[in-house]
Amino acid sequence: MTDRYLSVDQVAELLGTTVRFPRRLIEERRIRYVKVGRHVRIPESAVEEFIESRTVEPIRLRRNVLRRVA
């Protein structure tokens with residue numbers, strides 16, 4: 001299994017956040033990471049899992065339900 005390992009800066013850019021957010025995820029152990037010496041690397045698959053686990057799907061309502069309320 002080949003997985004790309006990203007720096008904290010790269011993860012922040014990928015998520016569209018500041019560097020502080022992925023650092024907090026690491027500190028709270030809410031995302032998988034690898035220590036390489038004093039460097040921290042996050043597998044790309046871990047970022048994908050994090051996004052997938054927090055994705056909220058929309059609720060589909062039938063039109064009949066909406067008409068009864070009005």
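Which residue in strand 3 does lysine 35 stand opposite? In this predicted model, lysine 35 stands opposite valine 40 of strand 3, and that position is a convenient point from which to follow the sheet and then the helices around it.

Strands of a sheet pair through backbone hydrogen bonds, either parallel or antiparallel. Here strand 2 and strand 3, the latter covering residues 39-43, are joined in the antiparallel sense over 3 bridges. They belong to an open sheet of 3 strands, arranged in the order 1-3-2 with antiparallel pairing. Strand 1 (5-6) and strand 2 (34-36) take the edge positions and have a single partner strand each, so one side of each is left without a neighbour in the sheet.

The sheet also meets a helix: helix 3, made of residues 44-53, lies across strand 1 and strand 3, and its direction runs at about 60 degrees to strand 3.

Turning to the other helices, two packed helices are described by the angle between their axes and the distance between the axes. For helix 1 (residues 8-15) and helix 2 (residues 20-27), the axes come within 8 Å and cross at roughly 115 degrees. Because angles of 65 to 115 degrees count as roughly perpendicular, helix 1 is described as roughly perpendicular to helix 2, and the crossing of helix 1 and helix 2 is right-handed. On the side of helix 1, the contact involves Val8, Val11, Ala12 and Leu15, which meet Phe21, Pro22, Arg23 and Ile26 of helix 2. Divided by character, the residues of this contact comprise 7 nonpolar, no polar and 1 charged.

Methods: Residues are numbered from 1 along each chain as its sequence is written. This is a predicted model: local features need pLDDT of at least 70, side-chain atom pairs count only at pLDDT 80 or more; totals for chains, interfaces and linings use all residues. Side-chain values use heavy atoms; hydrogens and water are left out. Axes are lines fitted to C-alpha atoms, for helices over the stretch in contact, and angles run from 0 to 180 degrees between N-to-C directions. Helices (H or I, at least four residues) and strands (E, at least two) are DSSP runs, numbered from the N terminus. Angles under 35 degrees count as roughly parallel, over 145 as roughly antiparallel, 65 to 115 as roughly perpendicular and the rest as oblique. A crossing is left-handed if the near helix is turned anticlockwise from the far one by less than a right angle, and right-handed if clockwise. Contact means heavy atoms within 4.5 Å. Ala, Val, Leu, Ile, Met, Phe, Trp, Tyr, Cys and Pro count as nonpolar, Asp, Glu, Lys and Arg as charged, and the others, Gly among them, as polar. Two strands pair if DSSP finds at least two bridges between them.
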